[in-house]
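Subject: Handing over the structure

Hi,

Here is the structure I promised to pass on. Have a look at it first, and then read my notes underneath.

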Amino acid sequence: MHARLPRNFVLEERLERYADAIELMPERWAGRWATACWPLAFGAGGAAGAAGAGDRFREVRLDLGCGKGAFVVESARREPDVLFVAMDAEPLCIAYTAQHVTEAGLRNVVVVPGRGSAVARAFGPDELACIHLNFPTPYPRKKDADKRLVLLDRLIEYRGVLTPGGTVRLRTDSQPLRDFALTQFELAGYDVAWSSDNERADRPDEPTSEYEDRLVAQGARVYGVWATPGAHEPQATQTASLSLTDYFPDDLFSDGYIPHGMGGAVINLRNRRVHVWGGQVG
Ligand SMILES: C[S@@+](CC[C@H](N)C(=O)[O-])C[C@H]1O[C@@H](n2cnc3c(N)ncnc32)[C@H](O)[C@@H]1O
């Protein structure tokens, strides 16, 4: 996430200032997040006490690739009896999310620096009721496919930590990434429980994320897929095409909106077509 830094922003200082909201060793809570984090010690009020009686959170959800945290902060505010873990690979995003969580006084969010590949170590079996993937970075090139959060290998790992009936919830402005994800869900033995080509219209009350707000303002449509591990065993072998250009529509986004992170690939393909067709005509 290439956020513009405010003046006088010192990353290390921010990370230190909001360190109480950040967990650097998530593995030590694997299998016991719901009880071990109840009630969280930090927070200046806000949702404090709102979770009610009990000795554990009702469930645990992961916001993977949380960005600056708008989605997780609003989700946590609405459901104080659910523990949210917000994970991102970018230290800057960790600093912003921890700041927003602290300033909101939330006691049901833990912010964790980490990549998608860390999920299997950070959580135990049957621990996560939901993994939110909001506008994950698409990495359109085949050689970067292993960084995608919806890759077969990752989905197989998520199966190991989801509760029975738990869901992976993908939201994206990218039809190619959505279509690629559908191939991966199928290979990983997930059933699609719900999908939409216009999630904002179908679920208007869902909390939104920073990217969602920004991209929708630019004309994006939000594709949504909820998938849950099914009875089928995952396939060990990748059989889908890994280049997202193979999932582009024939008209190369002639309606004007090019999904986030795909501008370069679209321009290359358009130029190649002009070149090839130009050659044939000439
Ligand atoms: C396009 S932004 C979306 C942020 C936020 N979910 C939103 O909707 O506003 C993608 C985020 O995923 C993070 N990210 C990319 N690859 C990741 C990975 N492999 N593991 C964890 N986070 C990742 C980036 O640092 C970035 O914050």
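Below are some notes on the ligand, a few strands and three residues.

First, the ground rules. This is a predicted model, in which local features need pLDDT of at least 70 and side-chain atom pairs count only at pLDDT 80 or more, while totals for chains, interfaces and linings use all residues. Residues are numbered from 1 along each chain as its sequence is written, and side-chain values use heavy atoms, with hydrogens and water left out.

**The ligand**

Start with the ligand, which has 20 residues around it. The closest are Gly 65, Asp 88, Asn 134, Ser 209 and Tyr 211. (A residue counts as near if one of its heavy atoms lies within 4 Å of the molecule.) By type, the shell splits into 8 nonpolar, 7 polar and 5 charged residues. Here Ala, Val, Leu, Ile, Met, Phe, Trp, Tyr, Cys and Pro count as nonpolar, Asp, Glu, Lys and Arg as charged, and the others, Gly among them, as polar.

Which backbones have a polar atom close to a ligand nitrogen? For Gly 65 the distance is 2.7 Å, for Gly 116 it is 3.0 Å, and for Ala 89 it is 3.4 Å. (A polar contact is a pair of N or O atoms within 3.5 Å; within protein, one must be able to donate a hydrogen and the other to accept it, and residues adjacent in sequence count only if both atoms are side-chain atoms.) On its own the ligand would expose 590 Å², and the protein buries 96% of that; these areas come from the Shrake-Rupley method with a 1.4 Å probe, and for residues only the protein chains shown count as cover.

**Strands**

Asp 88 also turns up in the strand pairing: it stands opposite Pro 113 in β3. Strand β2 (residues 82-88) and β3 pair in the parallel sense over 5 bridges. (Strands are DSSP runs of E, at least two residues, and helices are runs of H or I, at least four, all numbered from the N terminus; two strands pair if DSSP finds at least two bridges between them.) Strand β3 (residues 109-113) is largely enclosed by the rest of the structure, because 4 of its 5 residues are buried. Buried means under 20% relative accessible area, exposed over 50%, and partly exposed in between (1.4 Å probe, protein chains only).

Strand β7 (residues 223-229) is mostly covered too, with 6 of its 7 residues buried. It pairs in the antiparallel sense with β5 (residues 162-172) over 5 bridges, and 6 bridges join it, again antiparallel, to β6 (residues 190-196).

**Three residues**

Thr 172, in strand β5, stands opposite Tyr 223 in β7. Is Thr 172 buried or exposed? It is buried, at 1% relative accessible area. A polar atom of the Thr 172 side chain lies 2.9 Å from the backbone nitrogen of Ser 174. Beyond its neighbours within four places in sequence, Thr 172 has contacts (heavy atoms within 4.5 Å) that include Phe 135, Leu 177 and Arg 178.

Val 192, in β6, stands opposite Ala 227 in β7. With 43% relative accessibility, Val 192 is partly exposed. Leaving out neighbours within four places, Val 192 touches Leu 182, Val 225, Trp 226 and Ala 227.

Val 73 belongs to helix α3 (residues 70-78) and is buried, at 16%. Leaving out neighbours within four places, Val 73 is in contact with His 100, Val 101, Ala 104 and Leu 106.

Cheers
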